[in-house]
Structures are given as C-alpha cells and as structure tokens.
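Please look through the sequence and the structure shown here, and then follow the paragraphs below, which go from charged pairs to the nonpolar interior and end with two details of the backbone.

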Amino acid sequence: MCSSDLGSETVLLVEDDTESRSTLRELLEEEGYRVIEAADGEEGVERFMEYRDEIELIILDVIMPKKSGKSAFEDIRKIDPSARAIFISGYTSDILDAKGILQSGADFLFKPIAIADLLVMMRQVLAR
C-alpha cells in the first residue's frame, strides 16, 4: 500500500450507542474506509468471524451490554491472534481502571472522539 491509499482498509466498528456508531461510520466512510458495524460485543465477535479475512482494524467501545469491548477483543484474539484494535470510551479512566477494563499499552481514545486523533491512531495501529 502506498501512502496515497490512506483509508482503504475495512474496519469493524463495535459501538452500542446508535448515534455514535452512525456518526463514526459516516466519518470513516468519508475518509475512504469500509465500515462493518456491530451494536454490541457479541455481535462484534460474530461480524469478525463473518468478515475475518477482510477486517484489518477493530474499533471497540469498552463498556457495552452483553459483552464488553475487552471481552469481545479477547474472543477475537482467540480467532486471530494478530487482530488489531483501538478502544474507545466515554467513561473516565478511574472507572475503567477500577473495572480492569483496559490492559496497559492498549490503544485508547476517550469520547467525544476528535476524528483527526482517531485517524492518526488508526494509521499508527495499521502500520504495526
């Protein structure tokens, strides 16, 4: 891939808030990404299994009903140990730390997300 092809990858977006998911999808699609959506962690794992050969990056909300982003990503990593993810959350870091949600070193952004920050982090994670 050459540098002029930014935003050509397929991204799995796992977010339980319908409005946030829709807004992020639209912004990512405007940047050239193909977005597959999931409304919760369980659906996220199902979508990953369905499109695993196409998905290059997963964006997961940390706290969701049915299955947390962390738990969903752990399940996805059992399917594909090389899966890459960015975690997002509107909860404060002390709540996330208290719940043991995030492992140290995880790529993470707090909501509201600045799309420029997300795009930079996506390029960094995809380049690894």
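In this predicted model, R25 and E29 form a salt bridge in which the closest N and O atoms are 3.3 Å apart. Because the two residues are four places apart in helix α1, which covers residues 18-30, about one helical turn separates R25 from E29. E29 has a relative accessible area of 37%, so it counts as partly exposed. The pair does not stand alone, since salt bridges that share partners join R21, R25, E29 and E37 into one network.

A similar spacing appears in helix α2, where the side chains of R47 and E50 meet in a salt bridge with an N to O distance of 3.0 Å. R47 and E50 are three residues apart in that helix, and are therefore separated by about one helical turn. Both are partly exposed, R47 at 22% relative accessibility and E50 at 48%.

Another salt bridge, between the side chains of E54 and R34, has an N to O distance of 2.3 Å. This pair links distant parts of the chain, because E54 lies in the loop between α2 and β3 while R34 belongs to strand β2, 20 residues away. E54 is partly exposed at 34% relative accessibility, and R34 is likewise partly exposed, with a relative accessible area of 37%. In total, the model contains 13 salt bridges.

What lies in the interior? In soluble globular proteins, nonpolar side chains tend to be buried together. Here the largest nonpolar core has 18 residues, and those with the most contacts inside it are L12, V14, F48, I58, L60, F73 and F87. At least two residues of this core come from each of β1 (10-14), β2 (34-38), α2 (41-51), β3 (55-61), α3 (69-79) and β4 (85-89). A second core, separate from this one, has 17 residues and includes L28, L57, I59 and M122. Returning to F73, and leaving aside its neighbours within four places in sequence, one finds it in contact with I58, L60, A83, R84, A85 and F87.

Two details of the backbone remain. Most residues other than glycine have a negative phi, and most peptide bonds are trans. K66, although not a glycine, has a positive phi of about 75°; this residue is placed in the loop between β3 and α3, and its relative accessibility of 65% means that it counts as exposed. The peptide bond from K111 to P112, in turn, is cis, with omega near -5°, and P112 lies in the loop between β5 (108-110) and α5 (115-127).

Terms used. Residues are numbered from 1 along each chain as its sequence is written. This is a predicted model: local features need pLDDT of at least 70, side-chain atom pairs count only at pLDDT 80 or more; totals for chains, interfaces and linings use all residues. Side-chain values use heavy atoms; hydrogens and water are left out. A nonpolar core is a set of buried Ala, Val, Leu, Ile, Met, Phe, Trp, Tyr and Cys residues joined through side-chain atoms within 4.5 Å. Buried means under 20% relative accessible area, exposed over 50%, partly exposed in between (1.4 Å probe, protein chains only). Contact means heavy atoms within 4.5 Å. A salt bridge is a side-chain nitrogen of Lys or Arg within 4 Å of a carboxyl oxygen of Asp or Glu.
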